[in-house]
Amino acid sequence: MKKLILICLLGYLWVPTSTLPAQVADSPGADFLHRSGLPAVKQVPDELPLDTVVGPIVSPEQGDTHRGGETRSDTLPENSGLVDHPGLPAEDQTADLAVLDTKAGTQGQESESSSAEVGGFFTLKGEISAHPSATLDLVYELIQRELDPYYQLMEVQKDSISLQKGSFYAGTSRKQTFLLRLPMNEPFARFNLYDNEVPLLQNIWVQPGDSLIVHWNPSKQQLHFSGPSAFHVRVQRQLKEVAMGENVGRNPAMIIPNAAVMLNTEEKKTEYNAVMESYAPAWNRKLELLETETKRIARAERLFSSVISHPVFVELDRYKDVLDAPLHQWLKTYWTGVLQNSALKFVKACRPKDQDWAEIIIDHGLDISGLFPEGLSGVLPFEFAESLLMENMLLESLTPVSFLHLTASIPSPLRDQVNSLYLIREHKDLPNADSLFSGVLSESRVLWIGTQLEAIQKTTLKGSDFSPHGFVGTSGTRVFPEEWKGKVVLIDYWLSGCGACLGFAEDTFLPLMREFESEEDLLFVTISGDSNEERWKRSLVSGKYTTPQSINLFSGGSSHPSLRQTLIRAFPTQLLIDSEGKILQAGDFPKTLEGWIRLIQSYLPKESSQKIVGSSDVTLLGSSTNTLLK
């Protein structure tokens with residue numbers, strides 16, 4: 001029905017310009033919607049790019065993100081059009097074993113769901129062939145109820161694993177052992193296992209009642225499985241191998257305005273021609289230079305078409321009769337989301353603006369019929385919901401239909417997932433965010449999703465109390481937001497090495513400080529999202545992002561409780577706080593310096609006066625300042 005309505009609308013009504021908000025870039029490339037892990041465990045990427053594309057937006061530190069912007073690029077010229085986006089994801093009880101019964105919610109956002117009734121247990125036994133003196137640092141994660149892993153809105157059981165000496169009579173002599181018994185309250189959960197931050201198991205789906213034995217030999221780097229659920233793990237690992245094999249054989253692509261951008265010397269032309277002449281499909285690869293819209297559309301068509309016939313599904317169908325139906329359907333839904341998302345990210349990287357792109361998305365949109373696992377009343381894999389988010393956000397930018405109207409035909413609870421993702425990701429750029437939150441909450445049928453949305457609404461929207469957590473100041477002492485009471489505060493969240501952060505500082509933040517330098521009721525605060533304090537200090541010395549006149553603070557990264565509470569993961573980001581410590585505005589900010597001046601002046605006390613630089617240095621009352629700038 002959605003496709004039929006859109007096709008009719010596109011026939012006579014057209015919106016030529018894109019309304020997509022600023023993109024978010026993240027390591028390893030400008031994925032825009034990076035799925036990050038928890039800060040305590042270093043994430044070794046489990047995903048490889050479906051289309052390896054060189055990108056101009058590079059995050060300087062793993063786990064830190066910044067907005068790329070169109071006016072400034074970190075490594076390449078603005079008109080290069082190069083983008084990097086990820087695609088395919090990579091990766092009985094005996095008396096001598098220590099049994100660990102863990103509780104849910106040890107990390108991530110907690111809700112009433114943390115105390116929900118346990119539906120069963122996932123049991124993991126480990127047998128480690130390593131000398132007791134060997135350095136082992138085993139950590140597990142069991143992730144359930146993933147609303148948005150990017151913002152760590154999920155229920156996570158996570159802990160280090162204590163090892164015990166193996167028993168001769170249990171057949172584990174000269175080995176170290178452990179046993180985990182993890183409670184589950186959802187039909188499926190994502191399981192990860194690390195040794196010294198290196199993943200042994202990653203993105204493995206488990207069910208209540210599953211039991212698995214892991215045999216790990218660190219010295220030989222050998223990992224084997226046994227136990228009742230070993231077959232399920234082997235199938236999932238095989239699917240990843242198939243996906244990676246298909247991925248590495250695909251040609252990388254580069255979005256450029258003209259081939260001359262790359263082939264600007266005779267040496268480069270010679271090398272390029274040699275590659276083209278020796279190219280043999282499925283044997284070697286070539287870089288596709290996507291100079292025209294026609295070439296980009298053709299590439300997108302191939303990517304969408306490959307989703308349907310992807311070898312992953314051929315491999316999965318081989319096991320249809322031996323896997324239980326819910327797991328088979330879940331894996332099909334998961335991989336559909338993963339592969340479709342990769343194609344949609346390519347479309348987004350092309351910055352689509354015309355009707356042809358909308359028709360491609362409509363023709364290749366996700367078909368949700370038949371994808372719901374039988375008997376499953378809960379939510380679907382996050383990757384599938386994220387694909388629907390991307391699809392409908394692109395259509396919203398290309399058609400006159402709003403996002404919530406586009407998703408109205410999606411059955412709940414999947415609709416709750418998709419709409420919630422939309423609000424979480426986009427609310428800072430939506431002028432009517434508060435009413436949209438209320439509308440989605442009133443229709444939500446999933447209690448734990450509604451709880452998360454209510455928490456976000458209470459902590460990030462206008463009128464919410466700003467987080468009271470302190471930051472590190474330049475002198476090394478802690479600085480707390482309560483010290484700013486009585487002042488209007490403009491906060492600029494930035495990141496060292498971020499081109500867009502530098503652009504905002506030069507074009508807006510520093511000029512605003514000069515504009516309001518005599519305003520006593522206004523404070524300028526910068527909060528660095530760097531995880532390395534020395535890097536932050538070097539950036540302060542450079543004077544590029546801040547000045548000594550602003551209050552410059554260090555957060556230690558996006559895991560800081562204040563940044564987590566206000567959902568700060570992309571840089572630069574701004575926030576305005578009133579004299580009572582409540583949020584005045586968290587997004588939808590002006591695009592021009594003049595607009596910023598008017599906005600700030602509107603929040604200052606009426607009796608405030610300030611010096612207008614560039615206007616004959618005249619001191620005006622706040623009311624007359626607005627008149628002057630209009």
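Is Glu291 buried, exposed or partly exposed? With a relative accessible area of 25%, Glu291 is partly exposed, on a scale where buried means under 20% relative accessible area, exposed means over 50% and partly exposed lies in between (1.4 Å probe, protein chains only). The model is predicted, so to speak of local features a pLDDT of at least 70 is needed, side-chain atom pairs count only at pLDDT 80 or more, and totals for chains, interfaces and linings use all residues. Residues are numbered from 1 along each chain as its sequence is written, and side-chain values use heavy atoms, with hydrogens and water left out.

Salt bridges make a convenient starting point. The structure holds 15 of them, each defined as a side-chain nitrogen of Lys or Arg within 4 Å of a carboxyl oxygen of Asp or Glu. Glu291 takes part in one with Lys295, where the closest N and O atoms are 3.3 Å apart. Lys295 is likewise partly exposed, at a relative accessible area of 37%. Another pair is Glu288 and Arg299, with the closest N and O atoms 2.9 Å apart. Glu288 belongs to strand β17 (residues 288-290) and Arg299 to helix α4 (residues 293-308), so this salt bridge ties together parts that are 11 residues apart in sequence. Here helices (H or I, at least four residues) and strands (E, at least two) are DSSP runs, numbered from the N terminus. Both Glu288 and Arg299 are buried.

A further salt bridge joins Lys582 to Asp465, and its closest N and O atoms are 2.6 Å apart. This pair links distant parts of the chain, 117 residues apart: Lys582 sits in the loop between β23 (573-577) and β24 (583-585), and Asp465 in the loop between α12 (447-460) and β18 (471-473). Lys582 is partly exposed at 31% relative accessibility, and Asp465 is partly exposed at 45%. Elsewhere, Lys125, Glu127 and Lys175 are linked in a network of salt bridges.

Helix α14 (residues 533-542) offers a view of how burial is arranged. Trp536, Ser539 and Leu540 are buried in this helix. Viewed down the axis of α14, the buried residues fall within an arc of 105°, so they line one face of the helix; the arc is that of the directions from the helix axis to the C-beta atoms. The face turned away from the buried side carries the exposed residues Arg538 and Val541. Just after α14, Gly543 adopts a positive phi of about 70°.
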